[in-house]
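Subject: A structure for you to explore

Hello,

Here is the structure I promised to pass on to you. Have a look at it first, and then read on for what was found in it.

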Amino acid sequence: MHLTTNLAPLLLALTLVWPVGPPPPEILRGWDPPAGPYAPGHRGIDLAAAPGTTVHATTSGVVTFAGPVGGRGVLTITLPDTGDPPLRTTYEPVTPLVAVGDHVTRGRPVATLTAPRDTNPHCPRSCLHWGLLRGDIYLNPLHLLHRPPSRLLPVTGVP
């Protein structure tokens with residue numbers, strides 16, 4: 001694999017923001033990768049947010065899908081220069097504020113959260129489902145967030 005392909009997700013991590021907030025939202029349900037392509041699991045994370053909450057782009061990219069899937073509004077943003085196939089972030093249930101082909105910048109409002117459907121309760125209360133994919137492989141979107149650098153403490157009394 002090419003070195004820049006390996007570094008791209010790391011470099012992206014330095015420029016990402018939460019899709020809702022500040023402050024960082026409560027995580028109602030974490031990522032639970034499926035054992036196989038059709039196996040049960042949770043292919044993203046659920047972030048607590050009220051209907052009408054503004055959803056922001058977690059990083060700059062190009063809108064590659066904005067519309068309904070199974071009766072729920074979905075938005076997909078493809079992240080440039082993140083390898084082949086490129087990384088994609090997804091947000092649902094939302095009403096998109098952008099259109100396919102739009103270039104969006106990190107932090108830009110891209111959608112509003114819609115009310116949960118009683119016929120398909122995904123969360124115990126209103127939430128944004130945030131996903132990350134490379135091709136057909138689901139990844140944990142929390143790995144994209146900037147984390148403070150680790151700090152090493154001095155060790156004393158060790159020979």
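Let's begin with a proline: proline 93 is found in the loop between strand E6 (87-92) and strand E7 (94-96). Please keep in mind throughout that this is a predicted model.

**Two cis peptide bonds**

The bond that joins glutamate 92 to proline 93 is a cis peptide bond, with omega at about -10 degrees. Glycine 21 and proline 22 are also joined by a cis peptide bond, and there omega is about 10 degrees. To find proline 22, look in the loop between helix H1 (3-13) and E1.

**Two loop residues to look at**

Aspartate 81 is in the loop between strand E5 (72-78) and E6. Its phi is near 55 degrees, which is a positive value in a residue other than glycine. Is aspartate 81 buried or exposed? Aspartate 81 counts as exposed because its relative accessibility is 72%, and the cut-off for exposed is over 50%.

Histidine 42 also sits in a loop, the one between strand E1 (27-29) and strand E2 (45-48). Histidine 42 counts as buried because its relative accessible area is 2%, where buried means under 20%. What does the side chain of histidine 42 reach? Its partner is the backbone oxygen of glycine 30, at 2.8 Å.

**Salt bridges**

How many salt bridges does a search of the whole structure find? There are two.

In one of them, the side chains of arginine 125 and glutamate 26 meet, with 2.4 Å from N to O. This pair links distant parts of the chain, as the two residues are 99 residues apart. Arginine 125 belongs to the loop between strand E9 (109-113) and strand E10 (127-134), and glutamate 26 to the loop between H1 and E1. Arginine 125 is partly exposed, at 42% relative accessibility, and glutamate 26 is partly exposed as well, at 44%.

Arginine 72 forms a salt bridge with glutamate 92, and the closest N and O atoms of this pair are 3.6 Å apart. Arginine 72 lies in strand E5 and glutamate 92 in strand E6, so the salt bridge ties together parts that are 20 residues apart in sequence. Arginine 72 counts as buried because its relative accessible area is 13%. You have met glutamate 92 already, in the cis peptide bond with proline 93.

**How the strands pair**

E5 and E6 run antiparallel and are joined by four bridges. Within this pairing, threonine 76 has threonine 90 in E6 as its bridge partner. E6 is also joined to E10, again antiparallel, by six bridges. Here threonine 90 stands opposite glycine 131 in E10. If you click on threonine 90, you can therefore follow the bridges to both threonine 76 and glycine 131.

There is also an open sheet of three strands, in the order E3-E9-E7, with antiparallel pairing. Its edge strands are strand E3 (54-56) and E7, each of which pairs on one side only. On average, neighbouring strands of this sheet are turned by 35 degrees against each other, direction ignored. E7 and E9 pair over three bridges, and proline 96 stands opposite alanine 111 in E9.

**Alanine 111 and the core**

How accessible is alanine 111? Alanine 111 is buried, with a relative accessible area of 0%. Leaving aside neighbours within four places in sequence, alanine 111 is in contact with several residues, among them Thr53, Val55, Leu75 and Pro96. Alanine 111 and tyrosine 91 are 20 residues apart in sequence, and their C-alpha atoms are 8.6 Å apart in space.

The largest nonpolar core has 24 residues. Which residues have the most contacts inside this core? They are Val55, Leu75, Ile77, Tyr91 and Val110. The elements that give two or more residues to the core are E2, E5, E6, E9 and E10. As an example, take valine 110: leaving aside its neighbours within four places in sequence, its contacts include Val55, Leu75 and Ile77, and also His56, Pro96 and Val104.

Enjoy looking around, and write back with any questions.

Best wishes

Terms used: Residues are numbered from 1 along each chain as its sequence is written. This is a predicted model: local features need pLDDT of at least 70, side-chain atom pairs count only at pLDDT 80 or more; totals for chains, interfaces and linings use all residues. Side-chain values use heavy atoms; hydrogens and water are left out. Buried means under 20% relative accessible area, exposed over 50%, partly exposed in between (1.4 Å probe, protein chains only). A polar contact is a pair of N or O atoms within 3.5 Å; within protein, one must be able to donate a hydrogen and the other to accept it, and residues adjacent in sequence count only if both atoms are side-chain atoms. A salt bridge is a side-chain nitrogen of Lys or Arg within 4 Å of a carboxyl oxygen of Asp or Glu. A nonpolar core is a set of buried Ala, Val, Leu, Ile, Met, Phe, Trp, Tyr and Cys residues joined through side-chain atoms within 4.5 Å. Contact means heavy atoms within 4.5 Å. Two strands pair if DSSP finds at least two bridges between them. Axes are lines fitted to C-alpha atoms, for helices over the stretch in contact, and angles run from 0 to 180 degrees between N-to-C directions.
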